[in-house]
Amino acid sequence: MSLGKHNDVKLSQKLKLVVEQPLKSCYNLNKFGGRNMTVEYKASEQFYNAAKSEYDYELNRNAALDNKVSMTLAFCGVVLLFLIGYLDIRSLWSIDLPHQCWECILRFICSSLQIACVSSFAVCIIKLFGILTPRTYCRLDPNYLLNETLPEWEELKAYMYLGVKYSEIAAFNRRVNEDRTHKYGKAIKWLLFAILFCILSEIIKKNFF
């Protein structure tokens, strides 16, 4: 999967991952009954598979959010064309129309709703484009693993080491995705507000003017 538009950051610089002593070897010495006892990490492969699945999930989640934002922007383009032809505040205050007190109040409310509609729509567009701006997103750099001489390690040691790396990267990317998802939710709320204001304005115009 390509994330060319993202800022790929080497783990050695961005995450500063530190592998604990048990991961430098597949064995850990613990004292039990006054004697040293060797404990082997037999579930290293299962841990690696779980961490790798979470890593892939966060990458796919990022791409899925990009697609959702793109489709939402396309929908906003259609809404914008409608608003350009629909909004006409000047006609509400045409001087050749009789103005009674209640009518002026309704015209003011209708005009305010149309202004609120445009404002909400503009905020929505700004937030959507803000989600698509370049952001820091981490991936596992194979060159980094070569520098660590990973191909020469024992199998369980390599599984455990990669599992830790993938889990750390997934945790970092998850924070990025959660922040972007939160911003997307806010943008959708502003879009719904714009649609609601537009509907209310249309109801008033159809029933009173």
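**Cores, contacts and a surface patch**

In this predicted model, the largest nonpolar core has 18 residues, and Y55, L140, L145, L162 and Y166 have the most contacts inside it. Helix 3, strand 4 (136–138), helix 6 (142–147) and helix 7 each give at least two residues to this core.

Q: Which helix supplies the largest share of this core?
A: That is helix 7, with eight residues.

Q: What makes a group of residues a nonpolar core here?
A: The members must be buried residues of nonpolar kinds, such as Leu, Tyr or Cys, joined through side-chain atoms within 4.5 Å. A second set that lies apart from the largest core has 17 residues, among them L73, C76, L191 and A194.

Q: Which residues does Y166 touch, leaving out those up to four places away in sequence?
A: Y166 touches Y48, A51, K52, Y55 and L140. Contact here asks for heavy atoms within 4.5 Å.

Q: How far apart are A50 and Y166 in sequence and in space?
A: They are 116 residues apart in sequence, while their C-alpha atoms are 9.2 Å apart.

Q: Why is A50 called partly exposed?
A: A50, found in helix 3, has 48% relative accessibility. Buried means under 20% and exposed means over 50%, with partly exposed in between, so at 48% A50 counts as partly exposed.

Q: Why does F75 count as partly exposed?
A: The same reasoning works for F75, which sits in helix 3 (residues 44–86). Its relative accessibility is 41%, and this lies between the 20% and 50% limits, so F75 is partly exposed.

Q: What makes up the nonpolar surface patch of about 790 Å²?
A: The patch is made by F75, W190, L192, F193, I195, L196, I199, L200 and I203. A patch residue needs over 30% relative accessible area; F75, at 41%, is over that cut-off, so it meets this condition. Helix 7 (residues 155–208) supplies the largest share of the patch, eight residues.

Q: How many helices and strands does the protein chain have, and in what order do they run?
A: There are seven helices and four strands. From the N terminus on, the order is β-α-α-β-β-α-α-α-β-α-α.

Q: What share of the protein chain counts as buried?
A: Of its 209 residues, 35% count as buried. The protein chain exposes about 13,100 Å², with carbon and sulfur atoms supplying 62% of that area.

Q: Among contacts between residues at least 6 apart in sequence, what percentage join residues at least 24 apart?
A: In the protein chain, 82% of them do.

How values were computed. Residues numbered from 1 in each chain as written. Predicted model: local features only at pLDDT ≥ 70, side-chain atom pairs only at ≥ 80, totals over all residues. Heavy atoms only, no water. Patch = residues over 30% accessible without salt bridge, like charges linked within 9 Å, V, L, I, M, F, W, Y side chains within 5 Å. Areas by Shrake-Rupley, 256 points an atom, 1.4 Å probe, with all protein chains shown as cover. Salt bridge = Lys/Arg side-chain N within 4 Å of Asp/Glu carboxyl O. Buried < 20%, exposed > 50% of the residue type's maximum accessible area, 1.4 Å probe, protein only.
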